[in-house]
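Hi everyone, thanks for making time this morning. I'd like to walk you through one structure, so please have a look at the screen.

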Amino acid sequence: MAAGAGSGAQFVDRVVLHVAAGNGGNGCASIHREKFKPLGGPDGANGGRGGDVVLVVDSNWASLLEYHRRPHRKAGNGRPGQGSLRTGADGGDVILPVPDGTVVKEGDRVLADLIGEGTRFVVAKGGHGGLGNAALASAKRKAPGFALLGEPGEERDVVLELKSVADVALVGFPSAGKSSLIAALSAAKPKIAAYPFTTLIPNLGVVSAGDTTFTVADVPGLIEGASEGRGLGLDFLRHIERSSTLAHVLDCATMEPGRDPVSDFEVIERELRAYDRVLGDRPLSDRPRVVVLNKVDVPDGRDLAEMVRPEFEERGLKVFEVSAATHEGLRELSFAMAAMVAEYRASLPQAEPTRIVIRPEPVGGDADFEVKNLGDNTYLITGEKPVRWLRQTDFANEEAVGYLADRLARLGVEEALGEAGASAGATVLIGTMDDSIVFDWEPEVPAGEAAMGPRGTDRRLEGWS
């Protein structure tokens, strides 16, 4: 939602963000040379890691406007390795500040709910740098004539949604006086005017009552059908999801035909119940609420408030007659809301100190790869390891391709193809049906040391092009 366009500042609470982490730098294939040492051994270093894209909660940010204007963000690439064992520099991370209460989604899946100053989430991870030939050297392959390529960084399209973080949400029809009320209760300075939908963005105010300090959200006015998207609809309802307490602000001085505090209350309650279907454990209809009969400074407003008050009290609701203009009844209201907030906070389990536990994710998961028979002596190999190794391989270098074949053989791909019924000359695809590398499988071709040729070559690939 964007509001205030044409009036300078804008408020945006939902954007689609396109992020790309940095690619890892390529490894270097280099041989140390100096006078009297024409072949001093491999000294090619590893490439640098690609930069991450990181979301960080920053209390100085109140909107997602910056990402509405510039939705594409990319981190820096890692630098390639160099000879003399000079490792490539890592790519720079991109740090993206977001407001407190930002939810990160990919499709219908919630990736992160960012609450609390400094909370971080790596939304796109940079690619690993490729190994240089110094790291690839072994007793059998003393001077590799190749290096591994850097891995590409993650690319994602994510949705950022801002949900206000407030203890009490003021709900009510447009022009019910919510903006005036939050201005009277706190130091907030929302826009106030005598026409509907003055408030197009959430306003937060901090209120102190006794020993309790809490936040109050004044969010866009609600109308019938909002749960189905009418008016500001879901843009309004999203901002009260986190609130523990609801305050119905009812206009006792409205001049609109067919409007009165009781009917307004029932319309809003219906919309809250309808919106419950998209929530989880804490539906809006079950949260504690108070009724605020506003504008009793108007003579007709006071009379109407006294008339409808018994009906709300019969429903077991706490009722307060207030005037945002004269501040009548605001002290009692603020202490009542503080008591409800304090009761909710006391019901929460005791917070434990945050413990950072590092659990490295195993590469490849439970199964390193899977072989699927596509028919007609054609097979598809999928799995994280084989796909990663493909990305690291320089197919212009025969020795690098031979090294890939040896890695796949050690992983057990050769045996798995035989068990799946593959015969000589089988077409083998590694990757996915839409993005794969195709090989011709020859099970009799030797692997390992027997296949090695001069640096940069492999006997299995004679005539490779």
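Let me begin with a question: which backbone oxygen does the side chain of K178 reach? Before I answer, please keep in mind that this is a predicted model. The partner is F173: its backbone oxygen lies 3.1 Å from the side chain of K178. As for where we are in the chain, K178 belongs to helix 3, which covers residues 178-185. Is this lysine buried or exposed? K178 counts as buried, because its relative accessibility is 5% and the cut-off for buried is under 20%.

Now, cysteines, since someone at the bench will ask. C28 has 14% relative accessibility, so it counts as buried. C252 is buried too, with a relative accessible area of 3%. And how many disulfides are there? The count comes to 0.

Let's move on to helix 6, residues 299-314. If you follow it along, you'll find a kink of about 35° at V308, shortly before the proline P310. V308 is also one of the buried residues of this helix, together with G301, A305 and F312. What do those buried residues pack against? They pack against two kinds of element: helix 5 (261-275) on the one hand, and strands 14 (245-251), 15 (289-294) and 16 (318-321) on the other. After helix 6 comes G316, and its phi is positive, near 80°.

Next, the strands. Strand 6, residues 94-98, is a nice one to look at. V94, L96 and V98 point to one face and are buried, whereas I95 and P97 point to the other face and are not. Why the alternation? In a regular strand, side chains alternate between the two faces of the sheet. Strand 6 pairs with strand 4 (residues 53-57) in the parallel sense, over 5 bridges. Within that pairing, L96 in strand 6 has L55 opposite.

Finally, there is an open sheet of 5 strands, in the order 5-3-10-7-8, with mixed pairing. Its edges are strand 5 (72-74) and strand 8 (109-114), each of which pairs on one side only. From one strand to the next, the twist averages 30°. Inside this sheet, strand 7 (residues 102-106) and strand 10 (residues 155-162) run antiparallel and are joined by 4 bridges. If you want a pair to click on, V103 stands opposite E161 in strand 10.

That's my tour. Thanks for listening, and I'm happy to take questions.

How values were computed. Residues are numbered from 1 along each chain as its sequence is written. This is a predicted model: local features need pLDDT of at least 70, side-chain atom pairs count only at pLDDT 80 or more; totals for chains, interfaces and linings use all residues. Side-chain values use heavy atoms; hydrogens and water are left out. Buried means under 20% relative accessible area, exposed over 50%, partly exposed in between (1.4 Å probe, protein chains only). A polar contact is a pair of N or O atoms within 3.5 Å; within protein, one must be able to donate a hydrogen and the other to accept it, and residues adjacent in sequence count only if both atoms are side-chain atoms. A disulfide is a pair of cysteine sulfur atoms within 2.5 Å. The bend at a residue is the angle between axes fitted to the seven residues ending there and the seven starting there. Contact means heavy atoms within 4.5 Å. Two strands pair if DSSP finds at least two bridges between them. Axes are lines fitted to C-alpha atoms, for helices over the stretch in contact, and angles run from 0 to 180 degrees between N-to-C directions.
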